[in-house]
Amino acid sequence: MSSQLREIYGVEFPLINRYVDILASTGVEWGLIGPREAERLWDRHILNSTALSGLIATNSTVADVGSGAGLPGIPLALVRPDLRVTLIEPLLRRSTFLTETVEALGIGDRVKVIRSRAEDHHQSYDAVVARALAPLDRLIGWCNPLRADGGVILALKGKSASAEVEAARGQLQAAGLGAEVLSVQAHPVAEPATVIRLSAST
Ligand SMILES: C[S@@+](CC[C@H](N)C(=O)[O-])C[C@H]1O[C@@H](n2cnc3c(N)ncnc32)[C@H](O)[C@@H]1O
């Protein structure tokens, strides 16, 4: 797997590997990553997060809402140095971890950490990304105000994606959003990730 990961991530591999080491050490010590997750960081977290890369336009501003330990925002920033990423996280311990991690990785010029709830943050972004944040109906209420005109919301989801879209029909219509359920991969050998893409309905 390690040689495949080097092939997938090329020159970015060493820095992503450094982030994985931080998650497996400080992330576990601080209780942000379960001890059993430490063995599955590449499969379940890094490849899953970077699967969004192909859905984000060049030079976009990106908000990662409910970033937790930095997922998916930090892996995206590492594979896409053209992006300007803001990690939004309300909890003190998590936002402190994010600030220290961004500094340790030397990516402070393109990744900002904001300690806030989404609903108290008032800026707009070309792409608003979220993983394991909330059911789609609540996620729309938090993320849509942060979406710039013409921007997208990309929610990494599991098998429930289509059912969540059905359950959120009312909110989608009220917000003027269309939804697509997509299956995307960081690389042809990686597990597909399910993404709900929301954008202005035409
Ligand atoms: C289950 S964790 C997921 C963390 C990360 N995205 C991941 O995939 O590992 C959900 C995160 O959302 C944050 N959160 C909860 N309510 C929020 C809100 N209103 N605005 C922004 N973040 C919120 C929590 O503090 C938590 O870190």
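Two residues count as being in contact here when heavy atoms of theirs lie within 4.5 Å. By that yardstick, and leaving aside residues up to four places away in sequence, Pro 90 touches Arg 115, Ser 116 and Arg 117. The model is a predicted one, and Pro 90 is a handy place to start looking around it.

Pro 90 sits in a loop, with β2 (84-88) on one side and α5 (92-105) on the other. Its relative accessibility is 32%. Since buried means under 20% and exposed means over 50%, Pro 90 ends up in the partly exposed class. For a sense of distance across the model, Val 189 is 99 residues away from Pro 90 along the chain, and the C-alpha atoms of the two are 35 Å apart.

Stepping back to the whole chain, the secondary structure consists of eight helices and seven strands. The chain has a radius of gyration of 16 Å, and the globule rule gives 17 Å for 202 residues; the two values are close, so the chain is as compact as a globular protein of that length. A box drawn along the principal axes around the C-alpha atoms comes to roughly 45 × 35 × 30 Å. Of the 202 residues, 49% are buried. The accessible surface adds up to about 9,600 Å², with carbon and sulfur atoms supplying 48% of it. As for how the chain folds back on itself, take the contacts between residues at least 6 apart in sequence: 65% of these link residues at least 24 apart.

Then there is the ligand. It is surrounded by 16 residues, and the closest of them are Leu 71, Glu 89, Arg 94, Ala 118 and Arg 131. Sorted by type, this shell holds eight nonpolar, three polar and five charged residues.

Some of these neighbours also make polar contacts with the ligand. In the case of Arg 94, an N or O atom of the side chain is 2.7 Å from a ligand oxygen. Arg 131 likewise uses its side chain, placing a polar atom 2.7 Å from an oxygen atom of the ligand. With Ala 118 it is the backbone that takes part: one of its N or O atoms lies 2.8 Å from a nitrogen atom of the ligand. As for how much of the ligand is covered, it would expose 600 Å² if taken alone, and the protein buries 78% of that area.

Note on methods: Residues are numbered from 1 along each chain as its sequence is written. This is a predicted model: local features need pLDDT of at least 70, side-chain atom pairs count only at pLDDT 80 or more; totals for chains, interfaces and linings use all residues. Side-chain values use heavy atoms; hydrogens and water are left out. A residue is near a molecule or strand if one of its heavy atoms lies within 4 Å of it. A polar contact is a pair of N or O atoms within 3.5 Å; within protein, one must be able to donate a hydrogen and the other to accept it, and residues adjacent in sequence count only if both atoms are side-chain atoms. Accessible areas come from the Shrake-Rupley method with a 1.4 Å probe; for residues, only the protein chains shown count as cover. Ala, Val, Leu, Ile, Met, Phe, Trp, Tyr, Cys and Pro count as nonpolar, Asp, Glu, Lys and Arg as charged, and the others, Gly among them, as polar. Helices (H or I, at least four residues) and strands (E, at least two) are DSSP runs, numbered from the N terminus. The radius of gyration is taken over C-alpha atoms; the globule rule is 2.2 Å times the number of residues to the power 0.38. Buried means under 20% relative accessible area, exposed over 50%, partly exposed in between (1.4 Å probe, protein chains only).
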